Amino acid sequence: MPTARLVTRDICKAFGPTIALGGVSFSAEPGQVHALIGENGAGKSTLMNVLAGALTADSGELLLDGAPYRPLGPTDARRAGVAMVHQELSLCPHLSVAENVLLGAEPSSFGLLRRAEMHQLTLDALAQVSDPARDTMLRPETRVSDLSPAGQQLVEIARAVSQTSCRVLILDEPTSSLAADDVKKLFTVIRTLREKGLAIIYISHFLEEVQEISDSFTVLRDGKTVGTGPMAGAKISEIVGMMAGREVQELFPRSLRTPGDAVIELEGLDGVEKPIGASLTLRRGEVLGIAGLVGAGRTELVRAIFGLDAVKGGSIKVMGVSGAASPASRFAQGVGLVSEDRKGEGLATALSIADNLTLSKMGGLGPTGLVLPSRQREVSRKWIDRLSIRTSGPDQAVRDLSGGNQQKVAIARLLYHDVDVFLLDEPTRGIDVGSKAQIYDLIDKLAVSGKAVLMVSSYLPELFGVCDRIAVMRRGRLGPARAVRDLTEHSVLMEATGS
């Protein structure tokens, strides 16, 4: 039998009293895609950082093509042929695409960069992950900060595949910011790399995506391997059961909802670039979904409503009050936003969970305007327990949490603030199946209790499973909101693409 490309044996890693990895073992074969599956906090990111050289295991053994493998750092791992694309972008936004793609591997002579060669090498790398005719912004000379999140993700992937010595490619949620067409292109690239003999470790919370692209899988739970095997013939329900350690009964709960008074009314709303002439009405007791492709203007719509983006024309009426407003005044009106960019603007990641939960509502946390840390902790524990946030306690820094648990903190802040209107922009991006079921159940309970939810999502099954009505956005223009029973995924896609 051929030697496995990458082998991990009983890998352990602890951070103080917290055990992140308690004995993980699996192997990835050359010419195969191996899926690594698990809930947030299961240890996937820690394990990948060990493989990519960002962390050193406390114990256990790593083998690369049968030889001992113990990278001293990410650069050492890349030289050995192990490259990783992180879920959270690790780009230099002030540099160009070419400078990011070739960072640390720039062609040079006598200390001077060979710019023409850099340009061509970058074009070759980008051609593997994008269509130059369509992605006109994705050019070697473009500044990365000028790209959309999807474009930046493609730069990350191009940087990884540009390494000619790459033997193991680790993809951590690579499609989280990609449109459907880009996902198809990425899968084509992955299959091509697989045919070239690379071992690809693929991490995703979209199990249908994992099932489509993977040859084998390993499930982690609580830092340990709990299941592994070929993907062919594997049942999603069994994988979910291994992930959660329990059976997830109903992914999309739906109680009887009764729409009430209008809480947000838009009429011909124009942003600086997007949206264009957007009109909609959101009522208490309903979940209204916004579908569309990446870049259609969905995020700009909710940012304009919340007061983060300027409004050029049209009208916004919130709780019967007309006019644009600041985020602070929107909070005062009972409107809260969960941003799609939790790392950049959704959370203060250097602060604790308690600080993040209470930042928007400091009153009542101490006498005469003071804030008592003990009271912050007491309030925070309630929401930590309710949303099952995996943490060592309220004082833990948000940056030390997994991506999914960070998202739960962002949602918990709105719950603590007790807002009436929830603007949720990609609320389950990067969240595991078990946590998604919990978020969906929470959204259902919010609607039943009379709250209003405006939900942006690129994942059509969740829009159809959670929402009462769906409106489709295309090139900045918002279509009419229609009942879910009158739509199909096919019709929504056709409308989103203008087909």
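**View 1. His-34 and its bridge partner across two parallel strands.** In this predicted model, His-34 is matched with Ile-201 of strand E10 as its bridge partner. The two strands involved are E3, covering residues 32–37, and E10, covering residues 199–203; they run in the parallel sense and share five bridges. Zoom out a little and both strands turn up in an open sheet of six, ordered E6-E9-E10-E3-E11-E12 with mixed pairing. At the edges sit E6 (82–85) and E12 (224–230), each of which pairs on one side only. On average, neighbouring strands here are turned by 15 degrees against each other, ignoring direction.

**View 2. Helix H5 lying over E6 and E9.** H5 spans residues 149–161 and lies across both E6 and strand E9 (168–172). Relative to E6, the helix runs at about 175 degrees. One residue number to keep in mind here is Ala-150, which belongs to a separate second core of 47 residues. That core also includes Leu-178, Val-189 and Val-219.

**View 3. The four-stranded sheet and its short edge pairing.** Here the order is E2-E1-E4-E5, an open sheet with antiparallel pairing. Its edge strands are E2 (18–28) and E5 (67–68), and each of them pairs on one side only. E4, residues 59–64, meets E5 in the antiparallel sense over two bridges. For one of the residue pairs, look at Leu-64, whose bridge partner in E5 is Ala-67.

**View 4. Helix H1, mostly covered.** H1 takes in residues 44–51 and lies across E1 (6–15), E2 and E4, at about 65 degrees to E2. How many of its eight residues are buried? Seven are, so call the helix mostly covered. The buried set is Lys-44, Thr-46, Leu-47, Met-48, Asn-49, Val-50 and Leu-51. Just past the helix, Gly-53 adopts a positive phi of about 90 degrees.

**View 5. Asp-65 and Arg-167, a long-range salt bridge.** The closest N and O atoms of this pair are 2.6 Å apart. Asp-65 comes from the loop between E4 and E5, and Arg-167 from the loop between H5 and E9, so the contact ties together parts that are 102 residues apart in sequence. Both ends are partly exposed: Asp-65 has 32% relative accessibility, and Arg-167 has 28%. This is one of 25 salt bridges found in a search of the whole structure.

**View 6. Arg-257 and Asp-468, part of a salt-bridge network.** The two side chains meet with N to O at 3.0 Å. In sequence they are 211 residues apart, with Arg-257 in the loop between H8 (236–244) and E13 (262–271) and Asp-468 in the loop between H16 (460–466) and E21 (469–474). Arg-257 is buried at 10% relative accessible area, while Asp-468 is partly exposed at 22%. Widen the view and Arg-254 and Asp-444 join these two in a network of salt bridges.

**View 7. Lys-451 and Asp-418, a buried end and a partly exposed end.** Another salt bridge joins this pair, with the closest N and O atoms 3.0 Å apart. Lys-451 sits in the loop between H15 (433–448) and E20 (452–456), whereas Asp-418 sits in the loop between H14 and E19 (421–425), 33 residues apart. Lys-451 counts as buried at 13% relative accessibility; Asp-418 is partly exposed, with 49% relative accessible area.

**View 8. Leu-282 inside the largest nonpolar core.** In soluble globular proteins, nonpolar side chains tend to be buried together. The largest nonpolar core in this model has 71 residues, and those with the most contacts inside it are Ile-264, Leu-282, Ile-290, Leu-301 and Leu-423. Helix H14 (residues 403–417) supplies the largest share, seven residues. Leaving out neighbours within four places in sequence, Leu-282 contacts a set of residues including Asp-261, Val-263, Ile-264, Leu-288, Val-421 and Leu-454.

**View 9. Gln-407, a polar side chain tucked into H14.** Gln-407 belongs to helix H14. Is this residue buried or exposed? With a relative accessible area of 1%, Gln-407 is buried. Its side chain reaches the backbone oxygen of Pro-427 at 3.0 Å. Not counting residues up to four places away in sequence, Gln-407 also touches Val-338, Ser-339, Arg-342, Glu-426, Thr-428 and Ile-431, among others.

Technical notes
Residues are numbered from 1 along each chain as its sequence is written. This is a predicted model: local features need pLDDT of at least 70, side-chain atom pairs count only at pLDDT 80 or more; totals for chains, interfaces and linings use all residues. Side-chain values use heavy atoms; hydrogens and water are left out. Buried means under 20% relative accessible area, exposed over 50%, partly exposed in between (1.4 Å probe, protein chains only). Two strands pair if DSSP finds at least two bridges between them. Axes are lines fitted to C-alpha atoms, for helices over the stretch in contact, and angles run from 0 to 180 degrees between N-to-C directions. Contact means heavy atoms within 4.5 Å. A nonpolar core is a set of buried Ala, Val, Leu, Ile, Met, Phe, Trp, Tyr and Cys residues joined through side-chain atoms within 4.5 Å. A polar contact is a pair of N or O atoms within 3.5 Å; within protein, one must be able to donate a hydrogen and the other to accept it, and residues adjacent in sequence count only if both atoms are side-chain atoms. A salt bridge is a side-chain nitrogen of Lys or Arg within 4 Å of a carboxyl oxygen of Asp or Glu.
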